[in-house]
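Here are some informal notes to go with the model. Have a look at the fold before reading on.

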Amino acid sequence: MLKKASGVLAMVIAMSASGIAAAADEVTYQLDWLPGGDKAPVYTGIQQGFFADEGLEVSIASGRGSTDAITKIATGQADIGSADIGALMAARAQDDVPVSAVYMIFNQGPHAFFALSDSGINNFSDIAGKKVATSPFTSSNAFLPLVLEANDLPADAVSLTKSDPGALGPMLVTGNTDAIIAWVTNIALFKQQAASAGKDINVIRWSDAGLSLYSSAVVASDSFLSERPDVAKRFMRAFDKSLRFTNEHPDLAAADLHTMVPEVDAAVATAQIGDSMPLSFNEISEADGLGTMTPERIATTWEWVAKANELSADALDPESIVNRDFMPAAE
């Protein structure tokens, strides 16, 4: 009996040492769009073992826009995810959704016009009088009138058509629209589509035209943050490591994404990562720190968001949507 008991004890010790006895904490991460290079960090965090190292088992859900992601996180369908901080500000101002921003992914807005290089659209003012196609889901649509106004153009300066996101590139290449509105995270995709027709594209970034604000953020449900704070802190440590790894090793991060989502081409994803990382790693992150949300830039972002959504400036204290308690320690 003693020998049998000793054997059981040895097995328990071995299981504990190997980590089998301790189940990983499960976390559901909600994307604000379909998988692509700009979403690579969460995939590479799984594939490189960064989340596992923190005792986490992460599952990923695709989304259809920031509002969709925020709704799913607010209703408990996901714990944490990515969403445009402007969409969160608007949601909190109007509905007081129980979701907070904990980490800034893109400290600069990704909004842009894309036009064929032979279209004559070379700078922002050239867009006047042109046909422009856009997705009905993108947050860019809310900022369009404001960035037009900031460049001394009327709100109706363009003829706007809303189409399925997958149709935008083909519409541009075939001449069914003069320009499209999309994020700079997809430059590689649209260049590839244009190149297949022997063409090239110009990218007119709205950040160069005065629209300087925070954009994509890691957001989490307030219940997740309050009920499982240690899990949230471990998740953010791993996510921060994943974002840095993605920036340093875009080809490996793209391969990680392709492994989990085979329909995403690794070469395109590598290029998308190259287009996306300057939105995270730039002069702003160098000055403030990666992922940091400063009160000053949060306030500026709210000014743009309030105008875009026709909300009064006092409809929200923008600091109320930020929770900095889960920021990883600066490297």
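Leaving aside its neighbours within four places in sequence, which residues is Ile80 in contact with? Keep in mind that this is a predicted model.

1. **Around Ile80.** Setting aside neighbours within four places in sequence, Ile80 is in contact with Val27, Thr28, Tyr29 and Gln30, and also with Ile73. The rest of its contacts are Val218, Val219, Ala220, Phe224, Phe235 and Met236.

2. **The largest core.** Ile80 belongs to the largest nonpolar core, which has 54 residues. Along with Tyr29, Tyr103, Phe114, Val218, Phe235 and Met236, Ile80 touches the most other members. Helix α10 gives this core its largest share, 8 residues. Another core, of 50 residues, lies apart from it, and its members include Leu88, Ala101, Tyr214 and Ala308. As background, nonpolar side chains tend to be buried together in soluble globular proteins.

3. **Helix α2.** This helix covers residues 40-47, and 6 of its 8 residues are buried, so the rest of the structure largely encloses it. If you want to find the buried ones, look for Ala40, Pro41, Val42, Tyr43, Thr44 and Gly45. They pack against two strands, β1 (25-30) and β2 (56-61), and against the helices α3 (50-53), α10 (229-248), α11 (250-260) and α12 (266-276). After α2 comes Gly49, with a positive phi near 85°.

4. **Glu54 and Arg237.** The structure holds 11 salt bridges, and here is one of them: Glu54 pairs with Arg237, with the closest N and O atoms 2.9 Å apart. This pair links distant parts of the chain, since Glu54 sits in the loop between α3 and β2 while Arg237 is in helix α10, 183 residues apart. Are the two partners buried or exposed? Glu54 has a relative accessible area of 18%, so it counts as buried, whereas Arg237 is partly exposed at 38%.

5. **Asp79 and Arg228.** Here is another salt bridge, with the closest N and O atoms of Asp79 and Arg228 3.4 Å apart. Again the pair links distant parts of the chain: Asp79 is in the loop between α4 (66-74) and β3 (80-84), Arg228 is in the loop between α9 (222-227) and α10, and 149 residues separate them. Asp79 is buried at 17% relative accessibility, while Arg228, at 27%, is partly exposed.

6. **Glu319 and Arg324, plus a network.** The side chains of Glu319 and Arg324 also meet in a salt bridge, at 2.8 Å from N to O. Glu319 is partly exposed, with 28% relative accessible area, and Arg324 is partly exposed too, with 33%. Elsewhere, Asp25, Asp230 and Arg234 are joined into one network by salt bridges that share partners. In general, side chains of opposite charge can pair when their charged atoms come close.

7. **Asn323.** Where is Asn323 found? Look in the segment after α14 (295-308). Asn323 has 19% relative accessibility; the cut-off for buried is under 20%, so Asn323 counts as buried. Its side chain reaches the backbone nitrogen of Asp325 at 3.0 Å. Leaving aside neighbours within four places in sequence, Asn323 is in contact with Ser100, Ala101, Val102 and Leu225. One of these, Ala101, is also a member of the core of 50 residues.

Terms used
Residues are numbered from 1 along each chain as its sequence is written. This is a predicted model: local features need pLDDT of at least 70, side-chain atom pairs count only at pLDDT 80 or more; totals for chains, interfaces and linings use all residues. Side-chain values use heavy atoms; hydrogens and water are left out. Buried means under 20% relative accessible area, exposed over 50%, partly exposed in between (1.4 Å probe, protein chains only). Helices (H or I, at least four residues) and strands (E, at least two) are DSSP runs, numbered from the N terminus. Contact means heavy atoms within 4.5 Å. A salt bridge is a side-chain nitrogen of Lys or Arg within 4 Å of a carboxyl oxygen of Asp or Glu. A nonpolar core is a set of buried Ala, Val, Leu, Ile, Met, Phe, Trp, Tyr and Cys residues joined through side-chain atoms within 4.5 Å. A polar contact is a pair of N or O atoms within 3.5 Å; within protein, one must be able to donate a hydrogen and the other to accept it, and residues adjacent in sequence count only if both atoms are side-chain atoms.
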